[in-house]
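Q: Could you take a close look at a single helix for me and explain how its residues are placed? Please give the meaning of each term as you go.

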Amino acid sequence: MTEARIIEQVLALIAAEDASEAAFNRLALDLFAYQFENNIPYRRFATGRAKTVRTVKDWRDIPAVPISAFKDLTLSCRPPEDAVRVFMTSGTTQGGVRGKSHHPTLAVYDASMIRNFGQRVMQGRDRIRMGILFPTEDAMPNSSLAHYLALAVETFGADGSHYLLDESGLDSARLFAELARAEATGEPYGLLGASYSFVHLLDDMQRQGRTAALPDGSLIMDTGGFKGQSRELEAEDFYHLLSSRLGVPKRRCINMYGMTELSTQFYDWGNDTSPSVKSGPHWIRSRVVNPLTGDDVPRGAVGVLAHCDLAHFNVVSTILTEDAGIEVEGGFVLLGRADGAEAKGCSMAVEEFLKAAQG
Amino acid sequence: MIAVDERAGYLPGLTTDEVAWRTLTFRRANRTLDVAVPVLSDAQIDQVTKRVRDASRAYLKTLTVAQIIAIIERAIARLLDRDDPWRRKMEDLLPLVTGYDSEMVRLGLTGYLKTFRGPELRKFVAEDFANPQILDDFQPMPKGGFAKAFGPDLLVHIWAGNVPGLPLWSLISGLLVKAGNIGKVSSAEPLFAGWFAELLAEIEPRLADCVAVLWWKGGDQAPERALFNRADVVLAYGGNDALEEIRGRVPVTARYLPFGHKIGVGMVARAALDTQKAWAVAHRAAYDIARYDQQGCYSPQAFFVERGAGISPREFAGYVAHELACFEQKFPRRDLSLDEAGSVAAFRHGEEMKATSQPGRELMGDEAGAWSVAFVEDADDFAPSGLNRTVRIYAVDRLDDAVARIAPFKPFLQTVGIAAAPDELHRLGALLGAAGVTRICAIGAMSAPEAGWHHDGRFNLLDLITMTEIDSSAETAADGFARYVD
């Protein structure tokens, strides 16, 4: 199948109302065949696991690429130089080596983001005035989150939407002016960005003794969590603080879970209760698996998440994450990372070694 | 489900009722064990600290080393007796708590406890003191004058990890120098140290107040500060981050002895790689890998194998893989937490990926992930494995190349297991010592250090003591004040 045909089918599925198991499976297998044929390192990986187009009959059998492989291999169906955009991970682990996702077009990524964001974040509203707690796409051309947020502003941002972060950090003056403006005009306001930037925002507000009561319809969307940041907050405390300082109900504080290694994001339906339940749209499906065998764990047991994202057409559809999770009604609950960072004995473990080796 | 309840810790002067307890639950297959761990208030910690310090001054310091050895010897004899109730309890519960195969725990305990029998303890002391009586009385010094070695009044131990019995090393070292000992057990194995303290008190009731075994959540600052402020010496096991934090809380007037996480490797010379000898070496290598699932600081995480012998490095890797498969039948690896499984998965996936893109790399392993051998023909990388029976086997032209490969990681090196002819052993030993390796042993003995070994190259007992010297000037001056002075 040609790339054009694959793109056409994926876009059609994204545009569809829903996807039956059969429809999802059909496209997943077509996409596997396409990626098996055109993505040479992936073919070697799959063949090494004795998985070929002939033996894979179900999307659950598609060999999941461990996300660490994105650092070692160039996983792209089209020659990498054809990419209009390369998204890279932050490189905070593995000695600064960054995982890459090549995109020969952003049409599919954008369609996936827009459809999903419209349903899960906007929830029927067309546009909202946005303040973005993240650098611009120009400042971070390899950040998928920068592109995602730029797309949010472009597609769903009302006039006057703006960035609140620059090289010098959070623009508190602008932020407080915007909060006051929203309170005065009653125009809903959306704050979107990285979780740790919200922590800085909360700290700033506390330092200056400020609170706000944003008008009805306002929303907050954070992503990324706090790993490796100077301060960590429990989710429950975090959303309680956000809600009480900004006057946005917790059910309108939405957490997005996304990865550079995917073209589709997951959201919760607000954070009234912690931990929240995450789910994705009909073109991505997730499993909770034993990281060693790749088999599904019994329902309700803890495992790591594997995702099959049909929108990630040029790279690989199916990845094995290092995120621990548990399957629940309506989606999954994220439980942090399962990366072996906590050694049990007194033997040196990889994480500690890398950290020490990096000085 | 069968539920068993145990209380961890040993708290002289405090009754069960006056202490708050927290429950740690251990589950394996069809058994659940609820272990209650003590949570002491600051005032209680203070009370215990004072009691242990006073008892060490009033009683322990009046004993001779020989008397202390005799007491420990009796305790160890009890634990070596498989019919003894304490021993039975250990054999029953330690596999449940740590997850290690019960036969592995049983054999491990016996081998380990043997290194603390009377004669071994005398070696322990002799290793550090040319004249062990210096721990009992002032002894004449070659330079003139007299000296006596005093152990700390209060030695605080921060134990870590899940290797059964690990706390014995430092606890017995502390007792041998007549220290009052307070240890903090780890949540991964909270029982052994408390049992040993109880057994000691059973054997010699006057020792009852000389040891305390506590628990608190790792990194909890309040109890650490309370204890450290009264400690003469603080000895801690753990990762460098944790050790660094502890260092920040130890007063500058106390001595701090940190034991960080280490990495061990094995080296196999051509002389050991003929068709007759290679299998036996591979068997012993696999034993070192399987024993306590590489959780010890001495456990091997990589082997370097010389090219050019009858058995190639690749063949040797295959032998090790086969032997690990056999050990999995005999001593199955314990169940892993998701975090540990993630670490093994990361190792396997990483090697799998490299094998698809780099010729000369290969990953061997069983489907369930119970063991993994990554063979590396050409690359010059070196890194820890994923632990829990995962290992890299590197081919090298000469073992000298392996020394150069590990030398950059000096702060983390400890044990190297060697299979080589005598002249080669000594030649490599000199190179390895210069590179920072502190223990060289036979492959197959990596996880069983000798009695009195120098842990991380340090002195078990000397590092704990302070010397009090009576200068010859004092002697000469004293003569002037004698009743019989002319």
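A: What covers the buried residues of helix α5 of chain B includes α2 (65–80) and α6 (167–176) of chain B. This is a predicted model, in which local features need pLDDT of at least 70 and side-chain atom pairs count only at pLDDT 80 or more, while totals for chains, interfaces and linings use all residues. Residues are numbered from 1 along each chain as its sequence is written, and chains are lettered from A, with ligands numbered from 1, in the order in which they are written.

Helix α5 of chain B spans residues 118–128, and its buried residues are B:L121, B:F124, B:V125 and B:D128; here buried means that 20 or more other C-beta atoms, placed from the backbone, lie within 10 Å of a residue's own, and exposed means 12 or fewer. Helices are DSSP runs (H or I, at least four residues), numbered from the N terminus. Seen down the axis of α5(B), the buried residues fall within an arc of 90 degrees, so they line one face of the helix, the arc being that of the directions from the helix axis to the C-beta atoms. On the other side of α5(B), B:P119 and B:A126 are exposed.

For the wider setting, the domain assignment of chain B, which is automatic or from a database, gives domain 1 (2–261 + 455–470) and domain 2 (263–442). Their contact takes 13 residues from domain 1 of chain B and 11 residues from domain 2 of chain B, where contact means C-beta atoms, placed from the backbone, within 7 Å. Helix α4 (residues 102–114) of chain B gives the most to the domain 1 side, with 3 residues.

Methods: Two residues are in contact if their C-beta atoms, placed from the backbone, lie within 7 Å. Helices (H or I, at least four residues) and strands (E, at least two) are DSSP runs, numbered from the N terminus.
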